[in-house]
Amino acid sequence: MNHKYQPALFWFAVLNAVTTFLLIGLGGLVTSHEAGMSVPDWPTTYGYNMFVFPLDKWVGGVFYEHSHRLLASAVGLLTTILAVWLWLKDSRKWIHWLGITAFLLVIVQGILGGLRVRWMLDWLGVPHGAVAQAFLVLCCAIALFTSRWWLKSETEKQISVPRGLRSHVLYVTILIFVQLLIAATMRHQHAGLAINDFPLAHGQLWPATTPEAIVDYNAHRPPGTIGNPITAFQVTLQMIHRLVAYAIFLGIAAAAMLARKKLGGADALTKLAWFWLALIALQIGLGAWTIWSNKAADVTTLHVMVGASALLVGAIWWLIAARRASLANQ
Amino acid sequence: MKKIILITALTAFGVLQMVNAGDITGVINFKGTAPAEKEITPIKDDPSCAALYPGAPPKTQFYVVNANGDLADVVVSLKGITGKSTGASATPATLDQKGALYVPQIVAIQTDQKLIVKNSDPFVHNVHTKPKDNPESNEVQMSGGADLTYTFAKPEMFLKFQCDVHPWMFAWVSVFDHPYFAVSGENGKFTIKNVPPGKYTLEAAHRKLGTQTAEIEVKADGAVQGFTFEKK
């Protein structure tokens, strides 16, 4: 048992986090291609043990869904090894339990994915998406806690991060998580775009959601639209998604300016905050592109991945800031 | 003896009804220019499906209108009739998966009538029903695999069948608990057979163009009623 930096453990935790990020991307592709139900059985695939499913049957939506299942199994294995490794080789008790939490969460996530298929419940895709985001943050946090910086930071002088700034970043990060829940709810309606123009919405600043208006929107959807008919709830949800996006942008812009004022432009956290702002600007651009491309699968999936990245940057920023504040105040 | 008399009377009544029953016929028209169908380009992204279409990919079939303006795939039915299903003894209907499309895409059956789903494609499909009032199901059907058989206990309009392996594949099955319905053909014509004389509300429903109704009276020689749809 030791309390020292272990490069192999750190890089393994990074590998787990990166694989999880890719898994979220692949999960995004499954939903973007409407392929979630292309393999009706679970944990088998078309009656086969999933690890020996013949390659010639990886066609159409099966390719995305089955690849997602295999990569999820890999993440499950990596997380299990990581939990055992942390338990055996890291001297910090709390990180043992963090490893166990990750292990339990990956099991819950796998079961959620399986039940979504077996029970044919679209809404189960929402908690499945939410747990994926939370699990990614946890995996990245474990990688951070096993990093050289985290373990050596005790012996180095730290510049504190004001509580107000930390709280601000925490609230914006929570808002991003809420935004991801809204997005997951939108995606798992399987209705295509509820509003197909931007920056206006059905040609208005705020679209009407009367029954007559909804009938009209459905009648004038782009040619070739084959999703479920849209509803007033879905139109309102997309408008809330847009408003929350603007709020997040303003919140991150404020965080970056506050960081520059309180920590100085050269501080790593200030630079990270500017990167965060660039990321969210990119994310808003991808959101617009998702609409203009009529929800093209690759664009939409990129939107999912950048959204996950934005959550991650906020969470990591806050953890680093909390660490610095804690050490500086000792 | 009483039973025999009763059965004989009921049979006679039934036969009399059949004799007096008439057909409802009509033509469905489309007014104006039908919206252009869109090529199903994702078919070209899948090598197995693309092999079936060496030229251009097939198009969506939302508005099947011929040169004369006749509209196909309109489900015409009598409204307000319940509990008259003869589906259990009716000839099964068929839905095929051919060329990575459902054929036909609009089907109408009775409650408890069998719907046989075939896979004529050289690759796998999953048959995923997405009903509102009947139980959902999702089954694999390999190429050359056994036919799947479906029955639905509750009436429902445009019950969706979809393939998630090929997410452009849809069929819509309307389920009635009576035999008085028809789907308009490519010439826009429909025939609802053996309707007992009386006054009825006739409904014509198109998945994209909405629903119209007409009050009709069916006499011994039947009734004629057409509908005209337009894209607003």
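Okay, let's start with chain A, which is divided into two domains: domain 1 runs over 1-156 and domain 2 over 157-330. Before I go on, keep in mind that this is a predicted model.

So, how far apart are the centres of those two domains of chain A? Taken over C-alpha atoms, the separation between the centres of domain 1 and domain 2 comes to 23 Å. The contact between them draws on 25 residues of domain 1 of chain A and 23 residues of domain 2 of chain A.

Let me stay on the domain 1 side for a moment. Which elements of chain A give two or more residues to the side that touches domain 2? Those are α1 (7-32) and α4 (125-145) of chain A. Of these, α4(A) gives the most, with ten residues. If you go by class, that side of domain 1 of chain A has twelve nonpolar residues, along with nine polar and four charged.

Right, on to the two chains. Here the contact takes 18 residues from chain A and 21 residues from chain B. I'll look at it from the chain B side. Two strands of chain B, β7 (125-130) and β8 (137-141), each supply at least two residues of the side that touches chain A. And which one gives the most? That's β8(B), with three residues. As for the make-up, the residues on the side of chain B that touches chain A split into nine nonpolar, six polar and six charged.

So, to recap with the structure up: look at α4(A) for the domain contact, where it gives ten residues to the domain 1 side, and at β8(B) for the chain contact, where it gives three to the chain B side. That's it from me.

Methods:
Residues are numbered from 1 along each chain as its sequence is written. Chains are lettered from A and ligands numbered from 1 in the order in which they are written. This is a predicted model: local features need pLDDT of at least 70, side-chain atom pairs count only at pLDDT 80 or more; totals for chains, interfaces and linings use all residues. Two residues are in contact if their C-beta atoms, placed from the backbone, lie within 7 Å. Helices (H or I, at least four residues) and strands (E, at least two) are DSSP runs, numbered from the N terminus. Ala, Val, Leu, Ile, Met, Phe, Trp, Tyr, Cys and Pro count as nonpolar, Asp, Glu, Lys and Arg as charged, and the others, Gly among them, as polar. Domain bounds come from an automatic or database domain assignment.
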